[in-house]
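Subject: Structure for your files

Hello,

Here is the structure I said I would pass on, with my notes below it. Please read them alongside the coordinates.

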Amino acid sequence: MKDEHSSMEFFRQMFGGSWITQGIWVAAELGIADLLADGSRTSDELAKKTNTSSAALYRVLRALASVGIFAEDEQRRFSLTPLAELLQTDIPGSQRSLAIMMGGEFYAAWGELLHSVRTGEPGFQKRFGVPFFHYMTENPERHGVYDAAMTGVHGGETEPMLDAYDFSAFRTVVDIGGGNGLVLAAVLKRHPAVQGILFDLPAVADRARYTISGMGVSDRMRIEGGDFFSSVPAGADVYVLRHIIHDWEDPEAVAILRQCREAAAPGGRILVVETVLPPGNEPSFGKWLDLMMLLVAGRERTKEEYSRLFSAAGLEMTRVIPTASEVSIIEGVRAT
Ligand SMILES: C[S@@+](CC[C@H](N)C(=O)[O-])C[C@H]1O[C@@H](n2cnc3c(N)ncnc32)[C@H](O)[C@@H]1O
């Protein structure tokens with residue numbers, strides 16, 4: 001009986017996952033964690049600052065406090081907890097932008113998962129009328145939130161990636177689809193003799209100039225805007241593609257890899273940094289990220305699927321290097 005009760009409780013928590021997503025989203029959109037940085041406040045005080053209903057805001061914060069996000073005291077004042085601190089804007093490891101995307105566009109797209117399963121088509125496009133990156137290009141303010149959200153979700157993978165792979169042997173590293181430039185900045189900081197090229201869509205590249213200014217690497221980082229389906233910077237000895245290939249179905253993924261293969265200097269390396277799906281029933285964040293990718297016309301892949309993709313692009317997969325984080329580094333060179 002007790003076991004049956006705890007399984008039902010567990011199942012109910014799973015069902016309620018989307019409720020928690022929305023509660024976190026409300027707090028993130030309203031900047032509640034930033035308003036609590038100097039100390040606790042009541043929902044009345046918070047509602048005045050956010051132009052919201054105090055009674056409704058109280059109910060959301062009470063529910064969030066029940067799962068450890070914010071804490072309420074006897075005077076009905078709310079304060080930060082370690083989880084709530086992650087929703088602050090300007091802290092290392094901030095999850096605020098990710099929470100805003102998760103409860104905003106991504107949440108709406110998840111509502112189309114059944115459509116994707118019935119048709120194989122991307123749910124995001126059904127909901128928003130255009131492919132994911134078109135939407136982002138048409139909505140630069142949201143694309144800026146997305147850039148920061150990528151650091152929120154993948155930022156913790158950077159140091160493990162640098163621990164697992166030695167970039168010091170290279171002269172020039174290109175980060176393809178490098179977003180706000182923080183991954184490449186970390187490579188250059190770790191290896192003072194290495195030069196870097198950040199490549200992303202023109203508007204993203206322009207925003208990255210601001211993000212990386214003041215990080216002490218601008219003199220070694222060239223920033224280029226462009227479209228990786230047309231061309232990528234030529235002549236470098238390593239091309240990093242972190243969470244690029246998973247955004248696309250096989251024909252597009254092969255086209256991007258081919259561009260890198262054509263552009264690389266002789267002997268150049270291609271590094272695809274992704275979650276490699278484990279076989280069987282093993283728990284894996286990647287198996288859920290794969291559904292997010294299904295919604296935007298991409299997919300996560302197994303090692304064998306990456307190997308086939310590399311062959312189709314004229315590359316030989318040389319190594320798959322695990323890191324201490326979720327991702328592995330899949331290394332390739334031009335096939336002979
Ligand atoms: C999932 S994000 C990965 C960001 C970053 N590499 C990371 O690991 O955090 C995908 C990136 O691909 C970029 N991108 C999408 N389409 C592109 C295109 N056609 N040409 C160049 N970059 C593109 C996006 O702007 C975005 O920065």
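Helix α18 (residues 303-312) lies across three strands, β8 (269-274), β9 and β10, and runs at about 150 degrees to β9. Keep in mind that this is a predicted model.

Those strands belong to an open sheet of seven, ordered β6-β5-β4-β7-β8-β10-β9, with mixed pairing. Its edges are β6 (221-225) and β9 (315-322); each has a single partner strand, so one side of each is left without a neighbour in the sheet. Direction ignored, neighbouring strands here are turned by 20 degrees against each other on average.

At the β9 edge, the partner is β10 (residues 328-334): the two strands run antiparallel and are joined by seven bridges. One of the bridge pairs is Pro 322 with Ser 328 of β10.

Towards the other edge, helix α15 (residues 202-212) lies across β5 (195-200) and β6. The angle between α15 and β6 is about 155 degrees.

On the ligand: 17 residues surround it, and those that come nearest are Met 150, Gly 177, Gly 179, Phe 228 and Arg 242. Sorted by class, this shell holds eight nonpolar, five polar and four charged residues.

As for the chain overall, the domain assignment gives domain 1 as 2-90 and domain 2 as 152-334. Between the C-alpha centres of the two domains there are 35 Å.

Regards

Terms used
Residues numbered from 1 in each chain as written. Predicted model: local features only at pLDDT ≥ 70, side-chain atom pairs only at ≥ 80, totals over all residues. Near = placed C-beta within 6 Å. Nonpolar A, V, L, I, M, F, W, Y, C, P; charged D, E, K, R; others polar. Domains from an automatic or database assignment. Pairing = 2+ DSSP bridges. Helix = DSSP H or I, 4+ residues; strand = E, 2+ residues; numbered from the N terminus. Axes fitted to C-alpha atoms, helices over the stretch in contact; angles between N-to-C directions. Contact = placed C-beta atoms within 7 Å.
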